[in-house]
Amino acid sequence: MKKHMEQYRTIEQKEIESDELKKVREFFVDALPLIDSSVTKKMTPKQLFDAYQDFINNDPSFEHFQTVASLGNSKESFSRNDLKSQPQLLNLWKKYLIKKLPAALVERQVEIQQVDDEEDLDADKLESLHKKRLEIGHKMVLGFHVTDNQIDGDILPSKIPTTLFGEEKIDIPAGKTFYSSSPKALYKQRNKNLIFVEGDQLEIEEQRKKTGVAHGGGEWISTNRRLPTLESFDLTTLNEPLELKSI
């Protein structure tokens with residue numbers, strides 16, 4: 001009986017892990033609408049993870065858009081002029097620009113441009129917004145937050161000090177939120193949840209000027225703002241598929 005129960009738990013655990021991997025795959029596929037679905041279906045979770053990081057972290061540009069859109073279809077080529085004659089291509093360009101902006105800014109653009117939905121936003125105005133943000137150092141990057149607790153919505157500033165450990169101890173005072181810009185060595189074995197958050201390149205650069213690159217394989221950034229979350233996952237299930245490492 002005991003043996004059968006252990007086998008049942010193993011089967012049950014595999015089903016849970018499969019569900020979580022399905023969840024992470026669906027997140028990446030939805031977040032990468034420019035890549036053909038026939039290509040993403042063949043990609044491993046790690047390949048999708050790397051593609052998503054590349055998509056978010058690269059500077060927004062039409063050249064990068066061309067690279068992403070042609071992934072898995074190197075024979076497909078197009079120019080900026082094709083945006084005028086190919087509505088489907090223009091919609092992909094807008095999706096690219098929208099998904100590389102913080103969600104709050106997209107909502108704000110819907111209000112400013114007085115449209116009903118983000119799909120109706122003007123591509124030229126979105127591109128102009130990206131250029132202005134880059135001029136002052138802002139660019140959304142993929143951030144990583146780890147926690148034992150399930151978090152719904154934004155991550156709020158901590159009410160107590162937080163200590164992070166790598167090769168050196170990093171003390172983060174109360175009233176701050178924090179995230180890592182690297183998925184390498186960013187969590188302890190006991191952490192249960194991995195949360196993708198909206199990081200900011202300017203915060204990272206300012207942190208480097210103050211403290212240099214943090215040790216332990218990760219680069220921890222502390223900030224005063226609430227951290228908008230992109231998605232939350234069961235960390236233990238993703239260790240191996242995404243090749244994450246603990247400290």
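A residue counts as exposed when its relative accessible area is over 50%, as buried when that area is under 20%, and as partly exposed in between. Keep that in mind as you click around this predicted model.

**Stop 1: Lys245.** Select Lys245, in the segment after helix H10 (235–238). Is Lys245 buried or exposed? Its relative accessibility is 56%, so Lys245 counts as exposed. Now add Pro183 to your selection. Lys245 and Pro183 are 62 residues apart in sequence, yet their C-alpha atoms are 7.7 Å apart in space.

**Stop 2: the whole chain.** Zoom out and switch to a cartoon view. You should find ten helices and seven strands. Of the 247 residues in the protein chain, 41% are buried. Take the contacts with a separation of 6 or more: 74% of them involve residues 24 or more positions apart. Turn on the surface, too: the accessible area is about 14,600 Å², and carbon and sulfur atoms hold 48% of it.

**Stop 3: helix H6.** Select residues 87–99. These 13 residues form helix H6, which reaches 18 Å from first C-alpha to last, close to the 18 Å expected at 1.5 Å a residue. Show the side chains of Leu89, Trp93, Lys94, Tyr96, Leu97 and Ile98, the buried residues of H6. What do they pack against? Their partners are helices H3 (45–57), H4 (62–69), H5 (82–85), H7 (103–112) and H8 (123–135).

**Stop 4: salt bridges.** Side chains of opposite charge can pair when their charged atoms come close. The model has seven salt bridges, and here are some to visit.

- Go to helix H3 and pick Lys46 and Asp50, which sit four residues apart, about one turn of the helix. Their side chains meet in a salt bridge of 2.8 Å, N to O. Asp50 is partly exposed, because its relative accessibility is 34%.
- Next, try Arg108 and Glu111, whose closest N and O atoms are 3.2 Å apart in a salt bridge. Both belong to helix H7, and being three residues apart puts about one helical turn between them. Arg108 is partly exposed at 45%, while Glu111 is exposed at 53%.
- Finish with Lys139 and Asp59, joined by a salt bridge of 2.9 Å, N to O. This pair links distant parts of the chain, 80 residues apart: Lys139 is in the loop between H8 and strand E1 (140–147), and Asp59 is in the loop between H3 and H4. Why does Lys139 count as buried? Its relative accessibility is 11%, and the cut-off for buried is under 20%. Asp59, at 42%, counts as partly exposed.

Technical notes:
Residues are numbered from 1 along each chain as its sequence is written. This is a predicted model: local features need pLDDT of at least 70, side-chain atom pairs count only at pLDDT 80 or more; totals for chains, interfaces and linings use all residues. Side-chain values use heavy atoms; hydrogens and water are left out. Helices (H or I, at least four residues) and strands (E, at least two) are DSSP runs, numbered from the N terminus. Buried means under 20% relative accessible area, exposed over 50%, partly exposed in between (1.4 Å probe, protein chains only). Contact means heavy atoms within 4.5 Å. Accessible areas come from the Shrake-Rupley method with a 1.4 Å probe; for residues, only the protein chains shown count as cover. The expected span of a helix is 1.5 Å times one less than its number of residues. A salt bridge is a side-chain nitrogen of Lys or Arg within 4 Å of a carboxyl oxygen of Asp or Glu.
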